Amino acid sequence: MKTIVTLLFLGLFMVSCNSSKPSTMMASNVNNKEQDTVRIVNDSLEYEILIIEPGFNSWLASTAKPEGYYSQEYMEARNRQYVLEWNQRVMQPLRYNSKLYEAPIDYQPHIDYGYEVNYKLYNYFIYFQLTYKQRLGPFTPRI
């Protein structure tokens with residue numbers, strides 16, 4: 001019994017002495033965070049969209065339909081529905097996970113945000129629904 005306790009203590013001691021890994025892990029986490037950040041800015045309309053979501057950039061490049069596949073009108077219509085549902089869930093943190101729905105999205109239907117913004121926002125909603133098994137509208141999200 002004394003031998004088992006001693007071996008267990010030595011094993012824990014050896015594991016706790018390994019201090020070189022966290023610094024490299026922190027560096028890779030920072031690098032991944034930069035790679036998983038999508039920033040869309042339009043100075044003339046004075047808006048900025050910042051999406052920080054692990055895996056979204058690679059999903060957008062590899063899985064999402066290419067730009068031009070959907071019309072801007074189609075994506076605007078879906079984005080209006082998704083934003084409305086998203087903002088309702090933000091306002092109900094006891095009913096919906098507040099870690100998923102952290103902040104409201106200020107998407108004004110009368111503003112023309114352009115194709116790129118609507119494309120990335122639409123695809124983020126699709127990615128979000130597929131990744132977190134959420135449904136933000138009456139239809140099943142499709143790729």
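**Entry 1: the end of α5**

I started where α5 ends: the helix is followed by K133, whose phi is positive, near 50°. This is a predicted model, so I read that angle as a computed value. K133 is not a glycine, yet its phi is positive. I noted the general background: most residues other than glycine have a negative phi. I placed K133 in the segment after α5. Is K133 buried or exposed? I found K133 exposed, at 71% relative accessibility.

**Entry 2: the chain as a whole**

I stepped back to the overall layout. I counted five helices and two strands in the chain. Read along the sequence, they give the pattern α-α-β-β-α-α-α. The chain has 143 residues, and 34% of them are buried. I also looked at contacts between residues at least 6 apart in sequence. Of these, 61% join residues at least 24 apart.

**Entry 3: α5 itself**

I went back to α5, which runs over residues 115–132. I checked its length against the ideal. Its 18 residues should span 26 Å at 1.5 Å a residue, and the end C-alpha atoms are 25 Å apart, so the span agrees with the expected value. How many of the residues of α5 are buried? The count is 13 of 18, so I logged α5 as mostly covered, taking buried as under 20% relative accessible area.

I picked Q129, which lies in α5. Its relative accessible area is 2%, so I logged Q129 as buried. Which residues does Q129 contact, leaving aside neighbours within four places in sequence? I listed Y82, Q134, R135, L136, G137 and P141.

**Entry 4: α4**

I turned next to α4, residues 72–90. The helix has 19 residues. From first C-alpha to last, α4 reaches 26 Å, close to the 27 Å expected at 1.5 Å a residue. I then listed its buried residues: Q72, M75, E76, R78, N79, Y82, V83, E85, W86, N87, R89 and V90. What do these buried residues pack against? They pack against α5. Y82 is one of the buried residues of α4, and Y82 is also among the contacts I had listed for Q129.

**Entry 5: salt bridges**

I searched for salt bridges and found two in the structure.

The first one I took up joins the side chains of E85 and R89, at 2.8 Å from N to O. Both residues sit in α4, four residues apart, about one turn of the helix. I kept the general point beside this: an α-helix has 3.6 residues a turn, so residues three or four places apart point the same way. E85 is among the buried residues of α4. R89 is buried too, with a relative accessible area of 9%.

The other joins the side chains of K120 and E116, at 3.3 Å from N to O. This pair lies in α5, again four residues apart, about one turn of the helix. Is K120 buried or exposed? I logged K120 as buried, at 16% relative accessibility. E116 came out partly exposed, at 40%.

**Entry 6: around R89**

I stayed with R89 in α4. Which residues does R89 touch, not counting those up to four places away in sequence? The list is Y96, Y101, Q134, R135 and L136. Q134, R135 and L136 are also on the contact list of Q129. I looked at P104 as well. R89 and P104 are 15 residues apart along the chain, and their C-alpha atoms are separated by 8.8 Å.

**Entry 7: the largest pocket**

I finished with the largest pocket. Its volume is about 660 Å³. I counted 24 residues in the lining. Which of them lie nearest the centre? They are L50, I51, W86, A103 and I105. β2 (47–52) and α5 are the elements that give two or more residues to the lining. β2 gives the largest share, six residues. W86 also stands on my list of buried residues in α4.

I sorted the lining by residue type. There are 19 nonpolar residues and five charged ones. How many are polar? I found no polar residues in the lining.

Methods
Residues are numbered from 1 along each chain as its sequence is written. This is a predicted model: local features need pLDDT of at least 70, side-chain atom pairs count only at pLDDT 80 or more; totals for chains, interfaces and linings use all residues. Side-chain values use heavy atoms; hydrogens and water are left out. A salt bridge is a side-chain nitrogen of Lys or Arg within 4 Å of a carboxyl oxygen of Asp or Glu. Buried means under 20% relative accessible area, exposed over 50%, partly exposed in between (1.4 Å probe, protein chains only). On a 1 Å grid over the protein atoms alone, a cavity is a set of points where a 1.4 Å probe fits but cannot get out, and a pocket is an open set with protein on both sides within 12 Å along at least five of seven lines; lining residues have an atom within 4 Å of a point. Grid points are joined across faces, edges and corners, and a volume is the space filled by probe spheres set on the points. Ala, Val, Leu, Ile, Met, Phe, Trp, Tyr, Cys and Pro count as nonpolar, Asp, Glu, Lys and Arg as charged, and the others, Gly among them, as polar. The expected span of a helix is 1.5 Å times one less than its number of residues. Contact means heavy atoms within 4.5 Å.
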